[in-house]
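Visitor: I should like to understand on what grounds the descriptions of this model are made. Could you take me through them?

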Amino acid sequence: MENREFNVVGKSIKKIDALALATGEVKFTADIEMPGMLHIAFLYSPHPHAEIVDIDTEEAKNIPGVVLVLTYRDVPDTLHTTAGQGYPEPSPYDTRILDKRVRFVGDRVAIVAAETKEIAEEALKKIKVKYRELPYNLDPEKAEESEQIPPEDAYHLLPTVYEPSKNLAASVELSFGDVEKGFSDADFVLEERFEVQYANHCAIEPHAAVAFYDERGRLNIISTTQVPFHVRRIVSRVLGIPLKNLRVIKPRIGGGFGGKQEVFLEQVVALVTYMTKRPSKVVFSRKEVFVSSRTRHPMITWYKVGAKRDTGEITSLYLKALMNAGAYGPHALTVMANAGSKVLPLFNKIKNLKFEGFSVYTNLPVGGAYRGYGATQGYFGYNVMLDMIAEKLGIDTLEFFKKWHIKKGETSPIFEELGEGKEGVSQIIRSCGLSECIEKGAKAIGWYEKRRKRIKNGDKVRGVGAAILMQGSGIPKIDMGAAYMKMNEDGSFNLHIGATDIGTGSDTILAQIAAEEIGTSVDKIIVYSSDTDFTPFDVGAYASSTTYISGGAVLKCAKKIRKEILKVAQEMLNVPEDALYIENGTVYTRDGQQKVSFQDIVIYSLYTKNQHQIQAVASHIGLESPPPFMAQFAEIEVDIRIGRIEVIKFVSAVDCGKPINPVLVEGQVEGATVNGIGYALWEDYVFDEKGRVKNASFWDYKIPSIRDIPEIEVIICETYEPTGPHGAKSVAEIGINGPIPAIANAVYDAIGIRLTKTPFTPERVLKAIKSQGIKL
Amino acid sequence: MKIEFILNGKKVEVNTDPARRLLDVLREDFGLIGVKEGCGEGECGACAVLIDGKIVHSCLVPVGNVKGKEVTTIEGLKDTEEYKVIHESFLDAGSVQCGFCTPGFVMATYALLKENPQPHEDDIRKAISGNLCRCTGYSMIIDGVKLAAKRGEKLWKD
């Protein structure tokens, strides 16, 4: 594919669903009400690790309005993973709908379905449970010698390291060259330990699910999901309901960020409806979202890097990652592996490299997919180490970045060595605008005027810092998306896609990709997405895949439609196909003598001659995963008296290939950036000694509000990715990865303190100032 | 208990527990689903409504408190010229992503511009600081509010 002039692509078309969203008329899952609907509530474990010795539900069942009380004795005991990933899932089968053993404060003990939510909640109080408390462990570094957390019969579908008896949820190892020799060849070797914390996605819409039987006796599920097709497959298996009897629909979604790639409510509503033949609904409270949905995986990383003083060549790099999976293991392997695979190829000229990663079980809330997906965890230490090396070399960090980062036409052995649950896919970088991102970002932040200046204002000192990043575009040779299109009598098109718009605007950009290829406008494309009965398959919204993978399917489909249109026009006008071109919904002959509109073409094809439906279907699988690139810059001010860091300005310069819709690209980058700033500075779970979350509310867990955010500048450094639809790569995740290291490096620039543990609270900053001694 | 109030310009009456949350009454008894629940504790602003013209989080208000008062939800605004200006501006500025928080932001913007037709950026930040959004980074919402202030200049002054 080649870069060219575009009519629809590259334009900031308004989101096609935005009007109805703003009026509040669009139904989200929690808005669905049905006659006779049951409301579901959960009883949660008060203990970090315990066996249920006895559970008495009689009194609860006798409350008027209570319809169903379920314990581990009453539900299918199929082991599964709640990770909504492709099949076979690269996550351990270690979860039951309800289990006799509970593994963290907030684990499920019982399910109540009642006429109203209030009655269901009342009934929870009447369930009498006798627990036998078990030894528990909250420290990932002590996981191996602690009491076994996963079930004895837990297993993994893939031939991968999985040792439940040692609380080892996953491990990977990757190495090439000779790291020891590389360290001895180095002029200097730097080592540091980094740690990132628990965090919650905090989509403003809490998780919810609805189930009901339709008039044909099929079980329908509507839920806040990023992965409707995985929901259908997982629910079918867990409940033993034939897949053909299930239909999963994704309505509008109020944000996902990975938190809704998890299947833990759908099997419950489906089960309740299956047992009662009544519609049922569950809506999580904010507290439940914090404690009993999924979180960012905390991770400890140890970096050891050796370099040559004269050339700046990194002779050896060793990274060890220890990830806390929490009480269950969804995404335990893949998030941890991505801390290496999405990070380490960035400096691709390192000849000796070793990465060892471990995911372990603890009696704490459950980790899962979260925007950034391991890269966020890995890039903290990576970018701080690069900043440290550049300083040691006495050169500007940005020059160091530009000299060594991966370039167009280059590759890294890591692409092939490390994939998602199996080996990866080799690829050559076909587009890379990272150097431009670094240059433009530097200019926007005022790098050369401000770096190493340490401008003081009373107790406040300013600094600037930077980070560079890459991500991926879908999971190569695994993720597939499909599209179907048909043409209507007025020249409009139905576009049916399995792809899942969770608020990102993917319905809009996929319509743009189709309209561009066909030669029409976006308002002629009627998008219908994410319904397992009426749209073709798509893996769903994760791994930054929708633009690249689903977009690839839409492009192929639109190409076929275009060909069909031209075929009919050729027949109508009696000219050879190459004598025709399409412009804005009309087919013209190149000599300018004849034309025929899309409407006339469809009328002809449906009613006049050789009658047929102009339609097409196409699937797309990514053979590569071209990384988007980004350079992020923070200008900060540290108040050395109280330890408070204030971000003054933040710049995110991105290469996402061809931006299909620049305003939506900007929205993705800005949103990810702000989420990343929140993670860097404030967001954290506070646990008591039993692992109970003490701040499970928006009052106590602070996400950035409008008054917390600095000036943010997003710069799009356009490139053209030849394997992407109309030149596009992904953009959704990458922006969350850089705020931590960019801010950490800026703090060092300001006061000479290296922060190695997030969030960078005033308390931690003051402690670091005390222990490292301030160097002004 | 019987509670009378004015809802979106019409006199209504509910017979209910006065301690019930206004949010639940609006959603369950009147089907006004534009009022969203994001946290249930007055932090996120997705449930924002106007009570006698002032922006309020309806999850924190017992329905008994609105007796005799005027309650306006997003549904009550959407046929007004003011609303059209705000929503067009939000669309153009990219202020809407998932849209779950948007009705709340629209309500807060309406309340701000009615009181202060030419707000400075600080005024905007203050006025919508009671609303949380996790998709945008807020600056595109600020752009939307600024655009609405400019486009609806005459409207807000009336």
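Guide: A:R309 touches A:D187, A:F188 and A:L393, leaving aside residues up to four places away in sequence; contact requires C-beta atoms, placed from the backbone, within 7 Å. This is a predicted model, in which local features need pLDDT of at least 70, side-chain atom pairs count only at pLDDT 80 or more, and totals for chains, interfaces and linings use all residues. Residues are numbered from 1 along each chain as its sequence is written, while chains are lettered from A and ligands numbered from 1 in the order in which they are written.

Visitor: Why does A:R309 count as exposed?

Guide: A residue is exposed if 12 or fewer other C-beta atoms lie within 10 Å of its own, buried at 20 or more, and partly exposed in between. A:R309 has 12 such neighbours, and therefore counts as exposed. A:R309 is in the loop between β13 (299-307) and β14 (314-326) of chain A; strands are DSSP runs of E with at least two residues, helices runs of H or I with at least four, numbered from the N terminus.

Visitor: What makes β22 and β23 of chain A a joined couple?

Guide: Pairing requires at least two bridges found by DSSP. Three bridges join β22 (residues 586-589) to β23 of chain A, so the criterion is met, and the two run antiparallel. In β23(A), A:V596 is the bridge partner of A:V587.

Visitor: Which strands of the open sheet β21-β22-β23 (chain A) are its edges?

Guide: The edges are β21 (580-583) and β23 (595-597) of chain A, each pairing on one side only.

Notes: Contact = placed C-beta atoms within 7 Å.
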